[in-house]
Amino acid sequence: MDDFATRLLAWYDDHGRHNLPWQRDATPYHVWLSEIMLQQTQVATVIPYYERFIESFPDIHALAGADTDAVLHHWSGLGYYARARNLHRAAKTLVSDFAGEFPADIDALQALPGIGRSTAGAILSTALGGRAAILDGNVKRVLARFHAVEGWPGKTAVAATLWQLAEQHTPESRVSDYTQAIMDLGATLCTRSKPDCQRCPQAQGCTALRLERQGEFPGKKPKKSIPTRRTHFVIAYTPKGELLLERRPASGIWGGLWCFPEVQDAKSASRYCEETLFADVAAITELPSLRHSFSHYHLEISPLLLTLSRAPTLIRERDELRFWPAKESPQVGLAAPVKRLWQEAAAVLTNSKKGDK
DNA sequence: AAGTCGGGGGA
DNA sequence: TCCCCAGACTT
C-alpha cells in the first residue's frame, strides 16, 4: 500500500462519511442504485430521491416487476432520465439472467445498461469485495491536483492518465474503504473552490499545493455558447376537469416522460385541439412563460391553457395520449417544468372556477 | 472526438 | 451567469 492510500485510510477512519443512506446497509442493490442516482448529481440532491425509491422498490425484484411509469415517477425532477430507463432494464436482466444477484466481475457489471467503467468499479469495490478503481468527479479533482495533471479530463489522453493513477493508488486491502475515502476527500476537503489544504491528509505530497496552483486543476472544460429554443405547451382542459399529457419518445430529451403537447405557436394550439382532439376551444389563457436551461441549450416555454367546450370524443384511447384528473399531478414521469406547470395550471383552474360562482 | 442527456447548488 | 456535480451512451 502506498503512502497516498495509507494516509487516506487513516484520515477516513476519523473524518470520512459513514452514515449516508446507502452505507447503512451496503448491499449491491443499494450501492448500485445510489451510484446511478449520483451520476452527475450531488449527494444532497440524491438523498430524498434515494429514500423514496427504496421505500417503493425495496429490492431488485420489486424494481424489475415495476411499471416503467412508476420508476420514472420516482425519478421525476432528478434529471438524466436515461439513467432510470437503464436501471429498470438492468434490473430485469439481473433477475432473468443472474437470479437477481450481481456478478462480481467488472466486465459483467459494465455490460449492464447504465453501468460504465467508474460505476462498475464502485459497485465491485464497495459492495462485492472486489478490487477496482473508480474515476468520478471527486477522484479526478484529487488526483489532478495531487499529481498536477494538466488538461481537461474530458480529453481522452487526460482521462487515460487519471485512470492510470487511480489504478496505481488503489490498494490491495481495504479497497471498499479506500474507494469511499477518496470520494469523501474530494467532496469535503479537496473541493472545487476553496479546498481546505490545511486539514488535508495528502498535503505533504500534493504537487498543486506545493506550486500553489490548486485552482488550476483539473483543467476547465472549453466553454461553448448555447442556443435558445422556443416552444409552446398546449395545456388542454376538459369539462370533466382533466388535463392532457403526451408520452415522449424513449430517446431524446425527457425520453419516456409525459409532457404537455408541443406546438409552434398559439394558432397551431387551437388547430391541435380541433384536429387531434376533435374538440372546440372555448377560451385560451396565456400563462407566464418560463425559461428552462439544459447543459446544451435554453428552452423558452410559453404555456397556453386551452379550455375545451366539450369532451374530446374521437380520441382513441391511445397509449401515448391520455387525460389525467387535474386535481393532483399523475404518478408518472414528469420533467421538472412540466410538474411545475401542472400545479400552476391546476391553481389557475381552481381560482377561475371559484370566480364563476 | 464530440455531442446528447437535467436539474440544482454554489460562487 | 457560469461552472460543475459519485458519467454513460450515441453519433
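The questions and answers below go through aromatic rings, charges over rings and DNA contacts in this predicted model.

Q: What makes Trp22 and Tyr50 an aromatic pair, and why is the pair called edge-to-face?
A: Rings pair if their centres lie within 6.5 Å, and the centres of Trp22 and Tyr50 are 5.3 Å apart. Planes over 60 degrees apart count as edge-to-face, and because the planes of Trp22 and Tyr50 stand at 75 degrees, the pair is given that name. By this rule the count comes to 11 aromatic pairs.

Q: Why can the pair of Trp22 and Tyr50 be said to tie together parts of the chain?
A: Trp22 belongs to helix α2 (residues 21–24), whereas Tyr50 belongs to helix α4 (residues 43–56), so the pair joins parts that are 28 residues apart in sequence.

Q: How do you know whether Trp22 and Tyr50 are buried or exposed?
A: A residue is buried when its relative accessible area is under 20%. Trp22 has 6% relative accessibility and therefore counts as buried, and Tyr50, at 3%, counts as buried by the rule as well.

Q: Why is the pair of Phe233 and Phe260 called tilted?
A: The ring centres are 6.2 Å apart, which is within the 6.5 Å required of a pair. The planes stand at 50 degrees, and because this is neither under 30 degrees, as in a stacked pair, nor over 60, as in an edge-to-face pair, the pair of Phe233 and Phe260 is tilted. Phe233 is in strand β1 (residues 228–237) and Phe260 is in the loop between β3 (258–259) and β4 (262–263), so that the pair links distant parts of the chain, 27 residues apart. Both Phe233 and Phe260 are buried.

Q: Which residues do ring pairs link into a cluster?
A: The cluster consists of Tyr29, Trp32 and Phe102, which are linked by ring pairs.

Q: What makes Arg52 and Arg229 charges that lie over a ring?
A: The distance part of the rule asks for CZ of Arg within 6 Å of the ring centre. Arg52 is 4.9 Å from the ring centre of Tyr49 and lies over its face, while Arg229 is 4.0 Å from the ring centre of Tyr297 and lies over the face of that ring.

Q: How do you know which residues are near DNA strand B?
A: A residue is near a strand if one of its heavy atoms lies within 4 Å of it, and 23 residues surround DNA strand B, the closest being Tyr81, Thr156, Lys224, Trp254 and His292. Of the atoms of DNA strand B that come within 4 Å of the protein, 65% belong to sugar and phosphate.

Q: Why do Thr41, Tyr80 and Ala336 count as making polar contacts with DNA strand B?
A: A polar contact needs a pair of N or O atoms within 3.5 Å. An N or O atom in the side chain of Thr41 is 3.0 Å from a base nitrogen of DNA strand B, and one in the side chain of Tyr80 is 2.9 Å from a base oxygen. A polar backbone atom of Ala336 is 2.9 Å from a phosphate oxygen of DNA strand B. These distances fall within 3.5 Å, and therefore the contacts qualify.

Q: What kinds of residue make up the surface near DNA strand C?
A: The residues there divide into nine nonpolar, 10 polar and eight charged. Among the polar contacts with DNA strand C, a base nitrogen is 3.0 Å from an N or O atom in the side chain of Glu35, and a phosphate oxygen is 2.4 Å from a polar backbone atom of Gly114.

Note on methods: Residues are numbered from 1 along each chain as its sequence is written. Chains are lettered from A and ligands numbered from 1 in the order in which they are written. This is a predicted model: local features need pLDDT of at least 70, side-chain atom pairs count only at pLDDT 80 or more; totals for chains, interfaces and linings use all residues. Side-chain values use heavy atoms; hydrogens and water are left out. Rings of Phe, Tyr and Trp (its six-membered ring) pair if their centres lie within 6.5 Å; planes under 30 degrees apart count as stacked, over 60 as edge-to-face and the rest as tilted. Helices (H or I, at least four residues) and strands (E, at least two) are DSSP runs, numbered from the N terminus. Buried means under 20% relative accessible area, exposed over 50%, partly exposed in between (1.4 Å probe, protein chains only). A charge sits over a ring if NZ of Lys or CZ of Arg is within 6 Å of the ring centre and within 35 degrees of the ring normal. A polar contact is a pair of N or O atoms within 3.5 Å; within protein, one must be able to donate a hydrogen and the other to accept it, and residues adjacent in sequence count only if both atoms are side-chain atoms. Ala, Val, Leu, Ile, Met, Phe, Trp, Tyr, Cys and Pro count as nonpolar, Asp, Glu, Lys and Arg as charged, and the others, Gly among them, as polar.
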